[in-house]
Structures are given as C-alpha cells and as structure tokens.
Amino acid sequence: MSAEKKDYLLVDENGQGKPDKPWIFRTYAGHTNAKASNELYRKNLSKGQTGLSIAFDLPTQCGYSSDHEVSRPEIGKVGVPINSLEDFRILFDQIPIEEMNTSMTINGTSMWLLSLYVALAEERGVPLEKLNGTTQNDLIKEYLARGTYIYPPKDSMKIIVDMYEYCLHNIPKWNPSNICSYHLQEAGATPVQELSFALATAIAVLDAIKERNCFTEDEFEQCVGRISFFVNAGIRFVEEMCKMRAFTEMWEEITKERYGVKNAKYRVFRYGVQVNSLGLTEEQPENNAWRILIEALGVTLSRNARCRALQLPAWNEALSLPRPWDQQWSLRLQQVLAYETDLLEYPDIFEGSKVIESKVKALKEQAKLEIQKILDMGGALVAIENGYMKSQLVKSQTERLSKINSNELVIVGKNKWTDGIKSPLMTDSDGGIFKVDPKSAEQTLGVLAEAKTRRNAELAKKSLEELKQAAKDGKNLMPYSIACAKALVTTGEWADALREVYGEYNPPTGVDGQKLFLSDDKVATVRGKVDAFTKAHGHRPKIVVGKPGLDGHSNGAEMIAVSAKHSGFDVIYSGIRLSPEEIVQSAVEENANVIGLSILSGSHKEIAKQLFDELAHYKANIPVVIGGIIPESDFEELKKMGIREIFTPKDYDLMSIMNKIIDIISVEPALV
Amino acid sequence: MMDSTETLSQLVSEALLGEKFPIAKIISKIETENNLRFRESLFNEIQSQKPNAKEGLTIGITGTPGAGKSSLLGELCRLFLDFAPDKKMAIVAIDPSSNISGGSILGDRTRVTLPRRDTRIYFRSQPSQLELGGLNPYTYHVIRFLRKIFDYVFIETVGIGQNEISVSLISDISFLVMQPLGGDQVQFMKSGIMEVPEAFIINKCDEESLANSSYYMLESTLEFIKDILPDQSLPPIFKTSVVKKKGIEELLNFILTYSKRKDKNIETITQLMQWIRNEYGRFGIGIWKKMESNTWNQAVRLNSLGGIHKFNYELEETKFLSLIQNKIAQNDKN
C-alpha cells in the first residue's frame, strides 16, 4: 500500500514518509591536557554527540612544543596540547577512531596532526580507508583573521596540496582541508566578503592542485568533492540563510564552469557551521542563548541551506571558557531542534519565495564581482600578500564598530535596554565560568619529557633530517611527517624543521590608512585632551598596542590602533604573536606614554607578570592597560600587578576607551 | 621633569653607555617643540662627558611605498648582529601622519625582529608630522644625537618624489630602493632624483630573470644621465631579495666598509638653511645670507684645518634667532 504523494512531505522511493537524517552534532572541545580531554570526549559522546571536534591549544596550533618558553602561559588554555604521538594515544584512549567523524581545527600544523592520527591508526591496525574526518587547514583565513599561521602563503599552500595528494590515495574519506569563512565574519566580514573570500580561497586551493597535476581527471573530480567548508551563521538569520543558498549555487557553478566537474555528487557544497561568537555579549550573557538559537535556525530551517554538521557556542563564551554543563546545554538545543520539532520532515520550505530568491541573486552578483577582483589581482594568495583582503576586513570591522558606537546597530543589553536583573546562572560558586587548573600543564610536560627520553633519539633526528631534505627538494611531505610521528618527534621539532626551510611569515597588519567613521562629541572631547597633552608635553601621546602570546585574534588590537590614531595618538602596532619582551622593548625604545595589551586566550595574568618583569629590567615605569576576555574575578590581581585599566567586551565604545587612556597618561608626570 | 643639570648629565652618561630607556627619553625631548635650549645643554653635556664621542655613519634608505624597505632593513639587522659583532646600529623609521587627527600608525617595527634585551640595535619610529620632504622636523637632531652612540645610523623614509629625497642631505650615503620592473627609474629620472643617491637597490629580486632585466634597465638609465653625475662614475646597484636571502650580505658589506664621509659642516649649514626657510621663508633666508658669508668662511676654514664636525648648529641657530628678532623688532618700529 503506497501513501498518496504530497508536496509538503519528504518521502523515500517507496513513497513512505522519510524525514532527513539530522546533521552531525558536534561540540568544539578540548582543554587542560590529553587525559582530561579524553574524559570530556567520552562523556560528550555518551550524551548523544555524534562527532568529535577537537580544539587544540595555541602552542600546538602555532607549532611549539609545551616546553618552549612561549608556550608556558598558554598550555591547555583554549584547547588540548599535543606534543607527540604519546598525547594522541592518551587523547583517543577507548575511542574507536574507525567509527568517529573527527574534525580537527588546526591549520599551520595540520599536516603534523594528521600524521599523528595516521600513525595512531596504523599502530592500532585500523585501515586508513576507514578514517573519516577533517583537518581544517585553511591558511588564508589564518593570515586574515585568526593568526595561527607559521609559514609563508606559498609554502603553506604547498603543504595543503601535499595533503590532498596523500589523502586521496590513502585516506579517501578524509577532508584534507576545510575552507573556513567562519573567522572572516568574526573579523568583520560582510556576507558578500564571506562568500567571495571563501570561494576565492577554494579556487586558490583547487588551482594549486591542478597546477601540480598529480591526479587523473576522475581523481581530480573526487578531489573537488572532498573540498568542504566551515561557515559562520550570524544573527541576521534570513540574510544568513540566503548567504548559504548563494554559497551552494555559486559552488555548483564554479565547480562546473571553472573545473568542469561532471559528477553532480562532487559539486555539492558540503559545509559545517558554528554559529557566531562575535555577537555574543558579556552583558546580560543569558541573552546569548536566544541568539544562538536564532543563528542556528538560519542554517537548519530550510533543506537547501541545511548544514552537514553544527556546533553551537555556549551562552557564556564572551566571559570565558564554557563549563561542561554549558556545552551540554548547547548540545541539548540541537537535539531539541532535530528530534522534537518537525524541521526534518519537509522539503525546502523557502523554495519559490520571491524575497529569498532575489536576495540570493543580489548576494551572488556582488560576490562574483569581488571574486573577479581577487582573481584579476592574481588570486587569493596575492590578495593576502598585498594586504588587500586584510585591509577590507579591517575596514568592515571599523564600520561595524562605528555603527555599534553610534547606536545605529542595536545590540540588546549592550547599547539598548542595558538595565536588567543579574542572571542567577552566574551565581554558582564557580562564578559561572570555567578555569583551567594552572597545575595541569605539569602532566603534559611530564608526558613530553618522558616521550623524549623513551624514544630512539637517532631515529627521531634522522626522520627530522629527512623531512627537512624533502622540504628542500619540494617532495610531498606527508610520508616524512608520518615517519616523524612514529619516531615520537614533537610538534615543536616538526614545525621548527620546516621553519628552517620555509621561514616564518609576517603579514601586513591591515591597519594602515584605515579610518573610523566617528566624529561625534566624544571624539571632539578626546581630541581636545590629546591636544592639551601635546601642548603640555611638546609631543603627541604615543601608545604601543601589543598583542602578546600566541593568540592571533587581532581584531581588538587593530580597532584600538585605528581608534588611537583617530584620536590623534602616534601608534606603534607591530601585529600579533609578540613576546612581552618585544612589546616592552618597543615601548622603551619609542619612549611610549602607555602600553595597551590585547589578550583573549585567558593567559593575561601570566603575560602581565612577564611584562612587568621586563619593564622593571629597563627601570621603565610606563603605564599599562589591558583589554580582552578577562573575568571580573581576575581584576583585583591584575590591578595589584600594576595594570591601570581593564577593558572587556563590555567596553565596546571606542572613544570611551580612548578617553580613559588619555586621562591616565595626562596625569602622569612627563616622562621627560 | 628633567630640567636639573644633574638629571641630564645622568641621562647622558647612561645613554652614552647605550642604555635604551635614557636614549629614548632624550630623543623624546629632542622631538619636543622649541627644544633649542635643551639641545644646547644636551650637546654640551655630551661634549664634556665624551669629547671624542664617535661619529657614526649615517645611511639613508628611501624609496616608494611597497618597495620592501622595512623587510630589507629587518634582514640587514639580522646579518649585522652576526657580521659586525663589535658594532652598534640605530634605525630611525619615518612614517606618514594622518592629516585629519594628526595621529599616525607607525608599523615599521613589524619587519624588524630584534633579539631580546640586546643593546646593539636600537629602533625608533617617527611620524612625519605632515612635513614635506619625508623627514620629521626633528630628524636631523635625533640623528646627530644617535651618531654619538651608534656606529651606524639608518634613516628609513618613504620617498616618492624630489622632496622626499632630502634624506640624502643628512646621510653619508643614501640608497634609493626600487622594485624590479617598477618603472620607478623613469619617473625618478623625470624628476631628477637619479642624481641624488649614492647607490641603488633593486629589492624583491626573488626571480633571477626579472631581477636581471631590471638591473640592466636601471644601469642604462644611469648611463644616460652619467654626464651630469658629479664624479661621472656609475653608482653601485645592488640586487637584493629578502625571500631568497640574496644580495643582502653584499649590501651590508658595502655599508660596513664605506669610508667616504660627507662634510658635516656643509650638512649643518644645509639643515640650518632648511629650518630657516621653513620657519621664516624668504625673509629669513635674506637675513641668513647676511651672516652666511661669515659662517661659510668659518666652516671652510675649519675644514681645511681638519676641524670637521666643529661647526656648532645650536650656536648658529641662537645667533640667527637674535639677528632675526632684532630685524623683526626693527620692522615693527618702522
């Protein structure tokens, strides 16, 4: 007996009602050390999570072992530290990797992490064909927005192509890279910029693969089919849904027209989503729960714009790392959406909508123009190296912030309806946030030290030499990396070997020539004070904007640099990943009136201490202010160390920040 | 505040030892408006503490934006630490200021990574302060001061035309940095810049053939204007690549072994004249010409006696100021 066919129902080939399978539920997780993260993963999987999304700590992402001096403040803070195969053994203990879909959010060192995964599989006797998952490996967004790149663009691209070549022949179900526009939106990208920069990146990857000419025509089609995307869903959810539809259509067109992919299966736009963290507020953080739900709707509501995997941030992410309970709450939202509602029972519910269709069309047209501009320039790599894409993002971001500052963009609880009752969710004894135990790094360092003593030193050295030679000869580095993994080489040693050959990349900061769109009374007030300062001291106030540590989220620092210039300061800003020693050296040599630090990785206490030690070395009494995700419970300790003012995401008003800074330095005695 | 002699003498003695913070404080003071009195005491103090203080070589580096000057300097620094273990260098990098707020973003440090707590390299940024000529109004005095402490003082400016080449006036040797096939030399030739620098650098020579064709193009351009070059010999051209780490050793070697010095008396007079022109225009120059003959004769006389560097800028500035004040007072009376 066959059921009557109805347009509004999804049916299988027998005409039986058959809802879609839900997307993969993931939680981006990892912290403290391999052991603690392993426990967390096993708990999450038992709660109904269907895939793993591994967060690595910053030293691992930037290619430093935990025992490197720059790693110390960051070990286990924003993800799990991985030093050698030994850590992977612990991390995946009792987790059947052959049954997992494992996503690794890692870029500069993605080849290394995949090599460790392969080495682990071979050790366990798991056939590589069974491995399923993704290494993010999108370097372009790292240069633009996230800052955990290591090598220059061309060499990074070479590593990506190596991985495609290796994976297609050896781990066919692995996505060697994942074009990530997520961070572009975090860095201020408009939907058009997200579309065009991500697609231009995908074109750059595919062009590089084509150029190597390592695949047959059929293999190349399969390879196109492995390209996946990681996208951001923001609060303007109708527009975001249209963005997703535009992505899908444009990818279909690009793969067909530019690359001649015949098999429709390989032209599908495959993507995972994490909803926007940028829009989450520190003020009235409970409002974020609704934001997260609304943002999730944009990428789940309609069948033609439904993601393959979804991860949701936690309601309190603007405050600090989420607790396991907070992550569980986010997972439950996905489960309610997928299993309680009727969302998955229908075909696309917006098909035929005039509004949606014309919005999609408009987005596509603008994005095509932008892609053409980038291609005319010589492609995404050139647009990175000449600073074009970065400066476009900094521009969008300054515009966005100017709009928030002038209340043109409403953010509930932040610049409107700011009075409210304090959330009872925050009153638990832990203050509603999670902190990594500072002693937990010892375990990681212990495992690392032990692995180093236990390994065959000769073999480790030999495999590193072979890796270096292969890099010099331009060979595919995957087999050499896997050999290193098996020889218990460490993350830092692997990355250093390639640093020696490729060098380290230092990109344009994108702040040159940027303007703020602010000219209200507040600006006039600040400029007035700057003028008074200049008269009193005979020169303009000078600020060193420092971005210490391995955290590459440079938006905050860039906005402060641009605002300070807008106020009339002379600004020294040298980009990301500086040591506290380098920042102090700049401030001393330049005789700066103030140092402004931006830290989002949670290592503010350790870094502030290093900074003040260094200032003491020069006997330099330069005032220091700090901005970033800093929990209130740390304020007192920071002030005791000598930090003069602390700015958190609550302080979004740029001119108020500048006003406080000029006030602080105006009462200082003249430095000379 | 630092106004008592004791503090200045302390600062100077620490600065002469190469201590970074005292050097930085002194530079800030030099960069302060109406600093004549300070300069007088500063240079007197240096003279009395260290009469034979060194006189570092000044190297000007200019070129169009994007020619890779900062990266090149970064690589030069790295090599300098290895190749000249007993020498010290300072860099003054000048960036443009905003003409709306007057503020600036000084990002040139980005390209120069220095070892921690090393006192052999000192880096200082300077906003151009909207001055024409690519130099900051205080650059000259900052350089004069740094020369007393460092063996080599580099000045990096963005140069795009005739005005911006004034860096060569305060350098013993100045380089014009170009990009391969940038076509700069044609523009530069039109504006008469090609005769000014002592040497040329084609930077970003990452590709051999591109580098060579640019080299030959530049060489033939220079041959074309050879007749008007002062000593009629072709200035050296360096091909450098920071990416491929090529040509930079040769460039550094050229700088380290460079022996010709420009006459500091002439430099001083030129600066004085420039300052007078900026501040008092043609009226001021007219006044200056009156005392010029004396000063000039004095400079030439000292020079022939081997008394190079003896010309006292602050003294001349004071003399000129009193002269012009008298003149202005007279004018007011009339």
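1. Ser603(A) sits in the loop that runs between strand β13 (594–599) and helix α23 (604–617) of chain A. The model is a predicted one, and the values given for this residue and for those below are computed from it. Ser603(A) has a relative accessibility of 0%, so it counts as buried. Its side chain makes a polar contact of 2.8 Å with the side chain of Ser601(A). Once neighbours within four places in sequence are set aside, the contacts of Ser603(A) are with Pro73(A), Glu74(A) and Lys77(A). The loop residue Ser603(A) is thus described by its place in chain A, by its burial and by these partners.

2. The next point concerns residues 540–668 of chain A. An unreviewed UniProt entry gives this span the annotation "domain: B12-binding". In the model the span is 44% helix and 19% strand. The C-alpha atoms at its two ends are 14 Å apart. The label itself comes from the UniProt record, whereas the helix and strand shares come from the model.

3. A second UniProt feature in chain A, also from an unreviewed entry, is "coiled-coil region", placed at residues 450–477. Here the model has 79% helix and 0% strand. The end C-alpha atoms of residues 450–477 lie 27 Å apart.

4. Two residues of chain A deserve a check of their backbone angles. Most residues other than glycine have a negative phi. Trp417(A), which is not a glycine, has a positive phi of about 50°. Asn591(A) is likewise not a glycine and has a positive phi of about 50°. Trp417(A) belongs to the loop between α15 (388–405) and α16 (441–454), while Asn591(A) belongs to the loop between α22 (580–589) and β13.

5. Are these two loop residues buried or exposed? For Trp417(A) the relative accessibility is 56%, above the 50% cut-off, and therefore it counts as exposed. For Asn591(A) the value is 3%, under the 20% cut-off, and therefore it counts as buried.

6. Thr105(A) is part of strand β4 (residues 102–105) of chain A. Its relative accessible area is 15%, so Thr105(A) is buried. With neighbours within four places in sequence left aside, Thr105(A) is in contact with Tyr28(A), Ser53(A), Ile54(A), Phe56(A) and Gln136(A). Asp613(A) is 508 residues away from Thr105(A) in sequence, and their C-alpha atoms are 34 Å apart in space.

7. Turning to chain B, the model gives it 10 helices and eight strands. Of its 334 residues, 55% are buried. Among the contacts in chain B with a separation of 6 or more, 76% are between residues 24 or more positions apart.

8. Gly74(B) offers one such view of chain B, from within helix α4 (residues 69–83). With a relative accessible area of 9%, under the 20% cut-off, Gly74(B) is buried. Gly74(B) and Val242(B) are 168 residues apart in sequence, and their C-alpha atoms are 8.9 Å apart in space.

9. What joins the side chains of Ser104(B) and Asp570(A)? It is a polar contact of 2.5 Å. Ser104(B) lies in strand β3 (residues 104–106) of chain B. It is buried, because its relative accessible area is 0%. Asp570(A) appears again in the next point, among the residues that lie nearest the centre of the largest cavity.

10. The last point is about enclosed space. Rolling a probe the size of a water molecule over the atoms shows where empty space is left. The count is 10 cavities of 30 Å³ or more. The largest cavity has a volume of about 110 Å³. Its lining is made of 14 residues, and those nearest its centre are His539(A), Arg540(A), Lys542(A), Asp570(A) and Glu31(B).

11. Which element gives the most to the lining of the largest cavity? It is strand β4 (residues 121–127) of chain B, which supplies three residues. Sorted by class, the lining holds seven polar residues, six charged residues and one nonpolar residue.

Methods:
Residues numbered from 1 in each chain as written. Chains lettered and ligands numbered in written order. Predicted model: local features only at pLDDT ≥ 70, side-chain atom pairs only at ≥ 80, totals over all residues. Heavy atoms only, no water. Helix = DSSP H or I, 4+ residues; strand = E, 2+ residues; numbered from the N terminus. Buried < 20%, exposed > 50% of the residue type's maximum accessible area, 1.4 Å probe, protein only. Polar contact = N/O pair within 3.5 Å; in protein donor to acceptor, adjacent residues only side chain to side chain. Contact = heavy atoms within 4.5 Å. 1 Å grid on protein atoms, 1.4 Å probe; cavity = no way out; pocket = protein on both sides within 12 Å on 5 of 7 lines; lining within 4 Å. Points joined across faces, edges and corners; volume = space filled by probe spheres on them. Nonpolar A, V, L, I, M, F, W, Y, C, P; charged D, E, K, R; others polar. UniProt positions renumbered as here; feature names shortened; annotations may be inferred.
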